[in-house]
Amino acid sequence: MVRLVTIAALTWAGINVSAQPSTFRWAGDPEGGAPFVEADPADPTLVVGFDVDIAELIARGLGREPQFLAVAFASIDQSVARGDAEIGLSGVEDTPARRAAYAVTIPYYQFREVLSVRSGDAGQFRTLADLRGRRVGTLGGTVAYEILLDAERQQGIVAVSYEDDVHPYSDLLIGRLDAVLLDNVLAERRSRTTPGFVTHPDPVAVSHYVGVLAPGNRELRDRIDGLLRQAMRDGRLEAIFRKWKIWNADQPQLFARVLEGAPIPPVAGYGEDRSYGSESIATMSKWHATRRYLPAFARAALVTLILSCGAMLAAVGLGIGIATGRLYGHRVTRAALAGYVELIRGTPLLLQLFVLYYGIAEAIRLPAFVAALLGLALNYAAYESEIYRSALLAVPIGQLEASKTLGFSEFQTLRLIRGPQAFRVALAPMTNDFVALLKDSSLVSVLTVVELTTQTRIFATNLGSWVVPGILCAALYLAMSLPLAAIARRLERRWRI
Amino acid sequence: MENLVLSIRDVELVRGGRVLVSNIRLEAGPGDFIVLRGPSGSGKTTILRAIAGLDPFDRGIIAVADVRLEGRRTPDREALHRLRRNVGLVFQFHCLFEHMTALQNVCLAPVHVYRTPQESAERSARALLTQLGVDSRANAWPRELSGGEAQRVAIARALAVDPPVLLMDEPMASLDPSRRAELGALLQRLTAAGRTLLVTTHDETFAQQFATRILAIEGSTVREL
């Protein structure tokens, strides 16, 4: 077992980990859960799992103490590349992109990408070809997701990306998905706790788990490969997999091929007739790879734009309603609206999105895009309402009294005098909020909506670099926000009061 | 008095627990040009605001045409609506609607409160602006108007709904002597047309020169000179 240390804790404590050669820093994602890496139920400051045991095996072989670094699954490669840890081990998949961009260890575990469907659909949906027009979910940025994206083009399925491996199965059971494609390790783990689906034994593809190191760390990688080969020979690796109940007939075959030095393709069994996976994004020129991803970027930018505009429009409408209700409404209405604003402002947007999409799914099954739009709108409405309320309060009392003496009703005063003047005051903070919303819309990726930031992450993962995807993403966000700011400035000049 | 349009009987105004003015009495008919004089803080503006239904008063009765307001009683919406058909108020700082042009300021109430067709309201508004000598500023924003121009537009806005009683708070405050004389002449023309004016000012000369009646606040009482 290994003591859990986060990057943040290390940084804050000012500990210079690189100055401790006696430790072997390895990165993993404790959210990945058992049997990979998870917090020890008996002591949550410790992590347990087969990857934890493998890290310990390697560390001992190197004569060092293992030291765990908690890193989000999608960031393990980048974290290793920037030197936070020496190796990433957390069910890290063997992909052409990873092999091209990083120093990757020999494969130490072979897994099958398997298709899970609701028990009642077992006869109907056996392969991806049976799922034309159907929604198939998986964990984003994985081999399975790449396979689904390919199947989307080739077989007409609808690929749905998740940020975790739990919700694909819960969405399968409530009918949001028709199938899930994931590692057999994950499928078996989920089937033990979630009844109602079956997993077809025939693999859609076969791949492996590997350790990932920084590209310049090949010398250490070679030493680790030697330690892993030794552990394959002497049965220590088998013992670890047996301990975690994931030893199966695939592993002796993998060990044999590794030990005899046979070439092992990163992914096998899917689209081999079309050389699927042979042309990696990571091995292309940056320009070629970018051109390849541009249509997907344009689509994602459009999703971001539609989502942000729709959510902002709804937030403005709701915000105006809340602000006027708080100023003109009955005492009970005012209290209820104030409660709403405090509740929304006091809880994270991410939590609200989860509740809308997953929390109330038993009662109302909102489509992902609708839940995303509604979540952002409800959240921003609370903030907008405070802007409008303060803007309405900022309209000079003399303006309101003048309107009274002319005989305007309160509603007419609001519509014709107070509202338009308040809108001018609110314009700058509203523009600010809209730009913030454009960026906050990236949070909806947790609801399987692929927007600009998610697309950037996918591109960066496959390319093995954040430079080009980051610049492209920033350029698209700026292309959306700068015209908006320019329009707002023009209106401010025109409405100068 | 025949054709009484404004009647104030035994009105008392209390602010912050202090009696500001008491036993205010006034009866005014069409054509009366009444000036209410008094030092700063004596309650002149408060009296105008009470007549316009903006602030409550503590005792007595204020009647404008057929609308009757009683001390310490909140008037109902219908009474306030009728009151505002009969009383116009020009604020000391004009309070023009900042997001509208001069012409839009004048048209707004006739169109939206009294349902006058836009075209007809605009015609009347232009006529009023011409009468007040600011027709050339019809399309100017309030921020672009001088103090005197803004005041004339504010008068036009108040007159656009044709109230029989016009209240004006310190209209001389921002005017030079020649402009004061101009304004005095203008207000005399309005009263000649049968309107009742109640104007607050410190300016004794103006009061002597143009008013038909002068009221003075002395201590906490109002006395007609």
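What pLDDT does chain A average, and what percentage of the residues score at least 70? Chain A averages a pLDDT (the predictor's confidence in each residue, from 0 to 100) of 87, and 92% of the residues score at least 70. Over residues 1–20 of chain A, however, the pLDDT is below 50, although this stretch has 33 contacts in the model beyond near neighbours in sequence, a contact being two residues whose C-beta atoms, placed from the backbone, lie within 7 Å. Where pLDDT is low, the predicted coordinates should not be read in detail.

This is a predicted model, in which local features need pLDDT of at least 70 and side-chain atom pairs count only at pLDDT 80 or more, while totals for chains, interfaces and linings use all residues. Residues are numbered from 1 along each chain as its sequence is written, and chains are lettered from A in the order in which they are written.

The domain assignment, which is automatic or from a database, divides chain A into domain 1 (2–106 + 210–247), domain 2 (109–207) and domain 3 (286–494). The centres of domain 1 and domain 2 of chain A, taken over C-alpha atoms, are separated by 27 Å, and their contact takes eight residues from domain 1 and seven residues from domain 2.

Turning to helix packing, helix α13 (residues 349–359) and helix α14 (residues 368–394) of chain A, both DSSP runs (H or I, at least four residues) numbered from the N terminus, pack at an angle of about 140 degrees with their axes 9 Å apart; here axes are lines fitted to C-alpha atoms over the stretch in contact, and angles run from 0 to 180 degrees between N-to-C directions. Residues of α13(A) including L349(A) and Y357(A) meet residues of α14(A), among them A368(A) and N379(A).

Note on methods: Helices (H or I, at least four residues) and strands (E, at least two) are DSSP runs, numbered from the N terminus.
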